[in-house]
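Me: I'm new to reading protein structures. Could you walk me through one, feature by feature?

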Amino acid sequence: MPAASTNPIFSMEFFPPRTPEAEASLAGVIERLAPLTPRFCSVTFGAAGSTREKTFETVLSLQSLGLEGAPHLSCIASTRDNIREVLMAYQAADIRHIVALRGDMPSGMLSAGEFRYANELVAFIREETQDHFHIEVAAYPEMHPQAPNLRTDVQNFKRKVEAGANSAITQYFFNPEAYFRFLDDCEKAGIDIPIVPGIMPITNHTQIARFSEMCGADIPRWIRKRLEQLGDDREGIRAFGLEVISDLCRRLLEEGAPGLHFYTLNQSEAVLGIYRNLGMLIPSA
Ligand code: FAD
């Protein structure tokens, strides 16, 4: 078993709020999570740039609180000029960390734009801005849903690393073995950047089933069965989810994961609960 990572990196993901109420709620969430001192906080980017301004605003408000903001940037249905404009705005605001993605084609949109895959976006960011940004990319321990097989997906992941990605965040998963096997495959393929597991809290059965269906994350049978048995018992689901995800995080860290990236879904309780269970909660948080 590999040794535990000595200095794990913890980061958190938020999405840009759409209403004044959601904005106020997110401000409270960030206030509760900031004492956990995440290394950076990433902010998602809506399909085809639909949240471009809001993503930027949310990152700026994180930066104003002394947190490192890392906007996601997806390239599908975009032009080089669009992306260049966004990069220039980010540089001017002294943003130095970015999550570079292909994104998914919004339904009804016909033109894929000037980028086909995320490796082309990473190469473009490097061409335009050299080493200004630390670039994160996405990785898929259980395979991207459109990939023909895991081997091809790992080769495609490698293209992003060769184009200049510094580190990766994974799609969430509940099978730690899938992550460790993926790390082995990446090592064999000569990929040597940190690959940080993305952690999705389980707080709601319908929601987790829907997300997992969309992104191809496998919900192990024993978790599915237990969630079915819990039915409408929201508290029971939260308690069970917290136990399962805390155990997953503990095992990942013990076996050498370089950190954890929390998909907060703009909620603080589950992340605080996981930190508490891992003994990482500072007394004032
Ligand atoms: P790519 O790396 O381009 O891969 C997409 C598919 O194409 C894969 O099947 C891959 O095997 C294949 N492929 C890649 N390169 C090549 C190539 N050169 N030739 C042939 N095939 C290739 N979506 C959003 O809209 N907004 C977000 O903010 C967002 N944040 C995310 C954050 C994380 C950490 C993760 C894991 C996902 C996120 N997503 C987001 C979802 C993501 O956009 C989708 O999973 C999308 O389908 C793939 O994006 P990618 O960057 O991984 O694409």
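Me: Which element gives the largest share of the shell around the ligand?

Reply: Happy to help! Keep in mind that this is a predicted model. The largest share of that shell comes from α5, with four residues. Two elements give two or more residues to the shell: α4 (118–129) and α5 (150–162).

Me: How many residues surround the ligand, and which are the closest?

Reply: The ligand is surrounded by 22 residues. Phe-45, Asp-104, Tyr-140, Asp-153 and Lys-160 are the closest. Sorted by class, the shell holds nine nonpolar, eight polar and five charged residues.

Me: Where do N or O atoms of the protein lie close to atoms of the ligand?

Reply: Let's take three cases. In the side chain of Lys-160, an N or O atom is 2.7 Å from an oxygen atom of the ligand. The side chain of Asn-119 has an N or O atom 3.3 Å from a nitrogen atom of the ligand. With Ala-147 the backbone takes part: one of its N or O atoms lies 3.4 Å from a ligand oxygen. As for cover, the ligand taken alone exposes 970 Å², and the protein buries 87% of that.

Me: What does a search for cavities find in the whole structure?

Reply: The general idea is that rolling a probe the size of a water molecule over the atoms shows where empty space is left. Here, the search finds one cavity of 30 Å³ or more. The largest cavity has a volume of about 50 Å³.

Me: Which residues line the largest cavity?

Reply: Among them are Tyr-140, Met-143, Phe-173 and Cys-215. Tyr-140 is a name you have met already, as one of the closest residues to the ligand. By class, the cavity lining has seven nonpolar, two polar and one charged residues.

Me: Now the sheet, please. In what order do the strands run?

Reply: In general, strands of a sheet pair through backbone hydrogen bonds, either parallel or antiparallel. This structure has an open sheet of nine strands with parallel pairing, in the order β7-β6-β5-β4-β3-β2-β1-β9-β8. The strands β7 (195–196) and β8 (198–199) stand at the edges, and each has a single partner strand, so one side of each is left without a neighbour in the sheet.

Me: What is the bridge partner of His-72 in β4?

Reply: That partner is Val-99. To place this pair, look at strand β3 (residues 69–74) and strand β4 (residues 97–101), which pair in the parallel sense over three bridges.

Methods: Residues are numbered from 1 along each chain as its sequence is written. This is a predicted model: local features need pLDDT of at least 70, side-chain atom pairs count only at pLDDT 80 or more; totals for chains, interfaces and linings use all residues. Side-chain values use heavy atoms; hydrogens and water are left out. A residue is near a molecule or strand if one of its heavy atoms lies within 4 Å of it. A polar contact is a pair of N or O atoms within 3.5 Å; within protein, one must be able to donate a hydrogen and the other to accept it, and residues adjacent in sequence count only if both atoms are side-chain atoms. Accessible areas come from the Shrake-Rupley method with a 1.4 Å probe; for residues, only the protein chains shown count as cover. Ala, Val, Leu, Ile, Met, Phe, Trp, Tyr, Cys and Pro count as nonpolar, Asp, Glu, Lys and Arg as charged, and the others, Gly among them, as polar. On a 1 Å grid over the protein atoms alone, a cavity is a set of points where a 1.4 Å probe fits but cannot get out, and a pocket is an open set with protein on both sides within 12 Å along at least five of seven lines; lining residues have an atom within 4 Å of a point. Grid points are joined across faces, edges and corners, and a volume is the space filled by probe spheres set on the points. Two strands pair if DSSP finds at least two bridges between them.
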